[in-house]
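The following paragraphs lead the reader through one protein structure, from its sheets and helices to its charged pairs. Please keep the sequence and the model in view while reading.

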Amino acid sequence: MILHAPMIRYFDAVRRAGSIREASRRLHVASSAVNRQILKLEDEVGAPLFDRMAKGMRLTAAGEIFARHAITVLQDAGRAEEELAALKGLRRGHVRIMAVEGLAVDLLPDALSRMRRDCPMVNLSIATAGSPEVAEAVIAGEADVGIAFQSPKLPDLRQVTVGHFRLGAVMPPHHPLAGRARLMLNACADFPWILACEPLSIKPQLAPALRRLGRPAPAVIEASSIELIKRLTLRGFGISFQTRLGLEEEVVSGRLVHIPLADGEIGPSELGVYVRAGRAVSTAAALLLEILIDAVAAHAQRDADA
């Protein structure tokens, strides 16, 4: 079922792909057909929508304006198709999720298991990225649902729910500091560190306490992957700093210890679930949001009780 002009879908494909050739490959349509639709659309709009460059296509100012319209049209069309299917007693649809990497261990699998049980005919696409990229993808219409830490308050981004998680020092159980109930950052400064770097949101959270440390941080490894940081911590490379999310299995099994940081400058990490502001979500996405609200609340309560 197509509830919008094909040229809008072709325009959106070129916008995402950055070239007619790549868009035609993704659409399984000849390049000439895609180009004709773009030219026809530009003729109807009365302005060029793309700058044609040697290395691809880039939106013009008019293209940026039309892109916002296209995203809205395509999202509304998808929602209408799902609602029409719901009238027939079907729970179909496709939800695109983008989330930070640390959720891939426990929270997301739990939520998606419930989604699969309740809505087995809904297709799910999942991608991982840093928190800034998650917000950008939701605003650009490239993800229906985003889950990220410390996302800024943006007019085009609506926060559906939020959970608070304590930032802590992470180390193997044989580490000299492993028996502490809470730790100040300066107590960790006599040992090597493994620090998160961009696009992870952890290092900016630590920045005020790092400035107050009054001496250079100990020899560090910096990494942009939560999974790599965890593996290096397990191998004894140093102390790392993060929430319990992504460490549940290792903490419960006793392979790692998570000790909350007591520095006043370090507040809790905020994990938010986001959708694009000003637009109604599809039926399938709404069902997933209900599940994610429960999952974030359950994990935040588990963190508070630990």
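Helix α10 (residues 283-305) lies across β3, β4, β5, β6 and β12, and its direction makes about 25 degrees with that of β6. Helices (H or I, at least four residues) and strands (E, at least two) are DSSP runs numbered from the N terminus. Angles run from 0 to 180 degrees between N-to-C directions, the axes being lines fitted to C-alpha atoms, for helices over the stretch in contact; contact means heavy atoms within 4.5 Å. This is a predicted model, in which local features need pLDDT of at least 70 and side-chain atom pairs count only at pLDDT 80 or more, while totals for chains, interfaces and linings use all residues. Residues are numbered from 1 along each chain as its sequence is written, and side-chain values use heavy atoms, with hydrogens and water left out.

The strands beneath this description belong to an open sheet of five, in the order β4-β3-β5-β12-β6 and with mixed pairing; two strands pair if DSSP finds at least two bridges between them. Because β4 (122-128) and β6 (157-165) stand at the edges with a single partner strand each, one side of each is left without a neighbour in the sheet. From one strand to the next, the twist averages 20 degrees. Within the sheet, β5 (residues 145-149) and β12 (residues 269-276) pair in the antiparallel sense over four bridges, and Ala148 has Gly272 in β12 as its bridge partner. Helix α6 (residues 131-139) also lies across strands of this sheet, namely β3 (93-99), β5, β6 and β12, and runs at about 155 degrees to β5.

A second open sheet of five strands has the order β9-β8-β10-β7-β11, again with mixed pairing. Here β9 and β11 (257-260) are the edge strands, each with a single partner, so one side of each is left without a neighbour in the sheet. Neighbouring strands of this sheet are turned by 30 degrees against each other on average, direction ignored. Strand β7 (residues 168-171) pairs with β11 in the antiparallel sense over four bridges, with Val170 standing opposite His258 in β11. Helix α8 packs on the sheet, touching β7, β8, β9 and β10, and its direction makes about 175 degrees with that of β8.

At one edge of this sheet, β8 and β9 (residues 220-223) run parallel and are joined by four bridges; Ala196 has Ala223 in β9 as its bridge partner. Together with α7, these two strands make a right-handed β-α-β unit: with the strands pointing away from the viewer, the path from the first strand over the helix to the second runs clockwise.

Which residues of helix α7 (residues 202-212) are buried? They are Ile202, Gln205, Leu206 and Ala209, where buried means under 20% relative accessible area, exposed over 50% and partly exposed in between (1.4 Å probe, protein chains only). These residues cover an arc of only 85 degrees around the axis, which puts them on the same side of α7; the arc is that of the directions from the helix axis to the C-beta atoms. They pack against β8 (193-196), α8 (226-234), β10 (239-242) and β12. The face turned away from the buried side of α7 carries the exposed residues Pro204 and Arg211. Just after α7, Gly214 takes a positive phi of about 80 degrees.

The charged side chains remain to be considered. A search of the whole structure finds 17 salt bridges, each being a side-chain nitrogen of Lys or Arg within 4 Å of a carboxyl oxygen of Asp or Glu. One of them joins Arg114 and Asp294, whose closest N and O atoms are 3.0 Å apart. Since Arg114 lies in helix α5 (residues 107-118) and Asp294 in helix α10, the pair ties together parts that are 180 residues apart in sequence. Helix α10 also contributes Asp303, which forms a salt bridge with Arg166 at 3.3 Å between the closest N and O atoms. Arg166 lies in the loop between β6 and β7, 137 residues from Asp303. Asp303 counts as buried at 4% relative accessibility, whereas Arg166 is partly exposed at 25%.

A further salt bridge joins Glu227 and Arg231 (2.8 Å, N to O). Both residues lie in helix α8, four residues apart, about one turn of the helix.
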